[in-house]
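Me: I would like to take a close look at one sheet in this protein, going slowly from one strand to the next. Please explain each term as you use it, since I am new to reading structures.

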Amino acid sequence: MNEQLAELLRLVNNLLGIGIISEVKGGKCRVHVGGDPNRATDWIPWLAMRAGKIKVWCPPSPGEQAVMLSLNGEPTTAVCFGGIYSDANPAPCDLPNALHISFPDSAVLQYNPDDSSFLMTGAKTAHISVAEKTTWDCPETEFLGRVTAEALNITQGGEMHGNIEHSGGSFSSNGVVVDEHKHPGVKSGDSETGEPIK
C-alpha cells in the first residue's frame, strides 16, 4: 500500500512543474526540473502558437523559466509551456495594453493601443517582397536618408529643394526636353531669346 501511495504521489508531483530550459533543438527542448541542473528532462516538445497549415516559429531559449505539463504524471509525456518572467529574464516593458517583442540583438517590435503607436527599432535591414502591389495610405510620410526607386510617378505635384543632378536619359518638362531644346531668335547684347522649341 505504501508503494502504491508513493507511486501515486510521484505521478501527482509530476503532473505540473516549473523548471529552467537548458537546451533547445528543433521543436523540442530539455528542462531542468525545479531549477536543478542535475535533473533534466529528455527532449520534450514545447507549445507553439500555431502548428498546422499556419505555423508560428518562436522557440523558447536556454535560461527561460517554463511550466511543464505531464499527461498522467509521466515525464515522458511532458509538454513545455515556456514564458514565465523571472529575475534572470524580467518583463521587457510595463505598458498595460501593449504588444511588445524584444529580440536578443536589441531590436524591438511594439504596438501600443493606448496611443495607437507602432514601433520597430534596432533592425539592420528590412525586406518586403510581394507579387502585385503595396499601398501606403497616410496623410504624411517622411523618409530620412537616401531613397532609391527604379521608377517614380508623382500624380499630384510637389516640391524639390537642394541640388538635383540628372544623367542617363532625357529630362522632359511640359513637352520640352530640357537638355536638348533650342532657343530661336538669339541675338547678342541684352536681347531675350524666344520660347524654347518643343
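**A close look at one sheet**

Reply: In strand β3, Ile-44 is the bridge partner of Cys-29. Before following that bridge further, please keep in mind that this is a predicted model, in which local features need pLDDT of at least 70, side-chain atom pairs count only at pLDDT 80 or more, and totals for chains, interfaces and linings use all residues. Residues are numbered from 1 along each chain as its sequence is written, and side-chain values use heavy atoms, with hydrogens and water left out.

The bridge belongs to an open sheet of five strands, which run in the order β3-β2-β1-β4-β5 with antiparallel pairing. Its edge strands are β3 and β5 (78–84), each of which pairs on one side only. A strand here is a DSSP run of E with at least two residues, while a helix is a run of H or I with at least four, and both are numbered from the N terminus. Two strands are said to pair if DSSP finds at least two bridges between them, and in general such pairing goes through backbone hydrogen bonds, either parallel or antiparallel.

Starting at the β3 edge, β2 and β3 (residues 44–45) pair in the antiparallel sense over two bridges, and Lys-28 stands opposite Pro-45 in β3. On the next step, β1 (residues 16–25) and β2 (residues 28–33) also pair in the antiparallel sense, over six bridges, with Ile-21 standing opposite Val-31 in β2. These two strands, β1 and β2, form a hairpin with two residues between them, and Gly-26 in the turn has a positive phi of about 60°.

Side chains add to this picture at Trp-43, where the charged end of Lys-25 sits over the ring, 4.7 Å from its centre. The charged end of Arg-30 also sits over the ring of Trp-43, at 6.0 Å from the centre. A charge counts as sitting over a ring if NZ of Lys or CZ of Arg is within 6 Å of the ring centre and within 35 degrees of the ring normal.

To place the sheet in the whole protein, there are one helix and ten strands, with the helix coming ahead of the strands in the order α-β-β-β-β-β-β-β-β-β-β from the N terminus on. Finally, a word on confidence: pLDDT, the predictor's confidence in each residue from 0 to 100, has a mean of 86 in this protein, and 88% of the residues reach 70 or more. Confidence is lowest in helix α1 (residues 2–15), at a mean of 75, and highest in strand β7 (residues 108–112), at 98.
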